[in-house]
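I set out to record a few local features of this structure. The entries are kept short and grouped by topic.

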Amino acid sequence: MANMEPKKTAMPTQDADVRKNNFDEVALGYTEEMAVFESTRCLNCKNPRCVAGCPVNIHIPDFIAKITEKDYEGAYQIISLTSSLPAVCGRVCPQESQCEKNCVRGIKDEPVGIGRLERFVADYHREHNNTQAEKPVSNGHKVAIVGAGPSGLTCAGDLAKKGYEVTIFEALHEAGGVLMYGIPEFRLPKAIVKNEIEQLKGLGVKIITNFVVGRSDTVGALMEEDGFEAVFIGSGAGLPRFMNLPGENLKGVFSANEFLTRINLMKAYQPDANTPIYYPKKCVVVGGGNVAMDAARCARRLGAEVHIVYRRSMEELPARKEEVEHAQEEGIVFDLLNNPVEVLGDENGWVNQVRCIKMELGEPDESGRRRPVPIEGSEFEIDADCMIMAIGTSPNPLIRSTTEGLEVNRKGCLVVDENLMTTKEGVYAGGDAVTGAATVISAMGAGKHAAASIDAYLSNK
Amino acid sequence: MYKILKKEVLNPTVTKLVVEAPFVAKHAKAGQFIILRVNEDSERIPFTIEDANPETGAVSIIFQIVGGMTMLLNTKEEGDYIHDFVGPLGKPSEIDGNKKVAIIGGGVGCAIALPTAKAFHNAGADVTSITGFRNKDLVILEEEFKANSDAFYLMSDDGTAGEKGLVTNKLEELIQAGEKFDEVVAIGPLIMMKFVCLTTKKYDIPTVVSMNPIMVDGTGMCGCCRLSVGGQMKFACVDGPDFDGHQVDFDEAMSRNKTYADFEAHAREKACNLLKKEVE
């Protein structure tokens, strides 16, 4: 008989008053007892709808059943059949709109804490039995992956398991993409990302860092000169958007990408860091997505009073509910239905005020969300010595501009067919490079899909 | 890890390093740059590629010792390794062999101006080089410029090397004497490039400048290096570093370059103390 407890087993977290002053992980994870207790809430449905909600279709009831039996390593092996980065996904997936959204228990009560259980299993494996997977026998085919973010790492892992000789080319000095430079330590400890990448290397995946495809060499040269028979482009959407406001180039105005890269990748928050970071006193973060929450919570941890300025209302905030709640608990103020119109500076070129206009919601737009409309004459100023722009990113034009035959749509996203092949034969693409900024797990799903397509393409060649 | 093949002290504050980096060497062109990290915990800093040899895989950079990171870099010797070294980054300079060009280099900017002068010279352009330094002890690359120029002028602030005066004095003198330059290329401190542009604007001579804002990734993902050019936002690392000098907002660029002045002063002091200790 299943455990009919209506609520998810709570996960211990660091106290908000303590954690707002450190970069340590906020959510502390289940203990064995909590995990086993939560696992018994699963009804082990014959036709598990949760699996369909997972972009990489993890065999969810099967791994949960193993937890109930206290066979945690068995649970890990089941997850590993379909997911390459479980410790990451268990932490950063928006489960409420994926696997847990479909959970039958969620109709009446709270759904099973699938993400928390996945995280528990991956963490247990890492702490107790972190053995290297055996390197598969090579099938002699070479595949190049452009970008070591979630889509590239997943594609590489799946191909390596099938015996392909995979090389990942990464522009930064560290692999991981947004997992390393974007998502902060307090949501995703970097040691965990590095460990999952080491596991991939154990499968024989080669990672060449400091290599900018499009500059250090081109996609064409990788195929024609270096013998790669297929290429997967997982270069993401890393080009930050600005609003073209007067004063946007004042000192103290940053893109979220810059602010987060300095903090996460360059560890600029550490006392002995060699990379500088600006310590704001009062910071305005523009935007309402997860990146805005991350930037706001980082600024808070540097000691700032932080305001999120978002043009719609709480209902439309695109960030995960859990992140919004965590941000609120940490004292971040939400100035909703406001939009910046100008950045004002002092005589030394530093931002000192952000002029905003009040908004009201009109009719729904093509995205289905109610369109924000400025209220004439409602401008006002917020004092701030820092402004962080987190209003989205676009794909970097470098690869498309240096690769002949690659088509893009009007937003600069690569055009692919149903097999994720681009308009250039043998070149596949997935993740944010195709969709524009989206989620980690959808990028991983695309990496998986592309790996299957590349396997089919090279097997029939 | 990237091996230092050769180290050469050009003057008391300027050093040349030749680094083994075959991927960079293969495609490097005049005007492009690299980003390096000295050690595993170091900051990423940009340096222009002074020379590159695709056959040997050697890439040279010339740097001035101005702060903590360049002091640390200067402690590296031949045979030592640099942790990260990525490139070539940025757009190559536009080289036109049919032009008569004036290449203006200021201080360590001459190291960046040299590959551009060389590229124009090799393409068949008529090259006039004007290099400027504070005093004779700081002069670098004199012979290299002479070898790649049809006319060469050396200026110093105090007159201890070449002629006394600023590069802009010499440029204006040449223009007034009837030299017809199709293009001027200015590379050096922002203030020097600004004044070269003010000079050439008077005579309506197209002027290219190589901008040097603060950078982090150097691949277009953060916008730290953004500039206003013709009223539009540009990222120097991907749209440049070369821009039409008459369109650049130099005052904004100079202000933005001071963002971390306090941090940098502190880092420099720390490095001074630390590196002194290592010597003892």
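The entries below cover a surface patch, a helix pair, cis peptide bonds and positive phi values.

**Entry 1: model status.** I noted at the start that this is a predicted model.

**Entry 2: nonpolar patch on chain A.** I looked up which residues make the nonpolar surface patch of about 360 Å². They are A:Met4, A:Leu43, A:Val104 and A:Ile107. I then followed A:Leu43 and placed this residue in the loop between α2 (32-39) and α3 (49-53) of chain A. A:Leu43 counts as partly exposed because its relative accessibility is 40%, and the partly exposed class lies between 20% and 50%.

**Entry 3: helix pair in chain A.** The helix α2(A), which comes before the loop of A:Leu43, led me to its packing with α9 (residues 114-128) of chain A. I recorded an angle of about 140° between the two helices, with their axes 10 Å apart. How should this pair be classed, as oblique or as roughly antiparallel? Angles over 145 degrees count as roughly antiparallel; α2(A) and α9(A) are therefore oblique to each other. For handedness, I entered a left-handed crossing of α2(A) past α9(A).

**Entry 4: cis peptide bonds in chain B.** I looked up the bond between B:Gly87 and B:Pro88 and found it to be cis, with omega at about -5°. B:Pro88 belongs to strand β7 (residues 84-89) of chain B. I also entered the cis bond from B:Gly240 to B:Pro241, where omega is near 15°. In this case the proline, B:Pro241, sits in the loop between α7 (236-239) and β16 (242-244) of chain B.

**Entry 5: positive phi at A:Leu337.** A:Leu337 is not a glycine, yet I found its phi to be positive, near 55°. I located A:Leu337 in the loop that runs between β9 (333-336) and β10 (338-345) of chain A. With a relative accessible area of 26%, A:Leu337 is partly exposed.

**Entry 6: positive phi at B:Leu141.** In chain B, I noted a positive phi of about 60° at B:Leu141, again in a residue other than glycine. B:Leu141 is placed in the loop between β9 (126-133) and α4 (142-147) of chain B. Is B:Leu141 buried or exposed? Buried means under 20% relative accessible area, so B:Leu141, at 9% relative accessibility, counts as buried.

Definitions and conventions:
Residues numbered from 1 in each chain as written. Chains lettered and ligands numbered in written order. Predicted model: local features only at pLDDT ≥ 70, side-chain atom pairs only at ≥ 80, totals over all residues. Heavy atoms only, no water. Patch = residues over 30% accessible without salt bridge, like charges linked within 9 Å, V, L, I, M, F, W, Y side chains within 5 Å. Areas by Shrake-Rupley, 256 points an atom, 1.4 Å probe, with all protein chains shown as cover. Salt bridge = Lys/Arg side-chain N within 4 Å of Asp/Glu carboxyl O. Helix = DSSP H or I, 4+ residues; strand = E, 2+ residues; numbered from the N terminus. Buried < 20%, exposed > 50% of the residue type's maximum accessible area, 1.4 Å probe, protein only. Axes fitted to C-alpha atoms, helices over the stretch in contact; angles between N-to-C directions. Parallel < 35°, antiparallel > 145°, perpendicular 65-115°, else oblique. Left-handed = near helix turned anticlockwise from the far one by under 90°.
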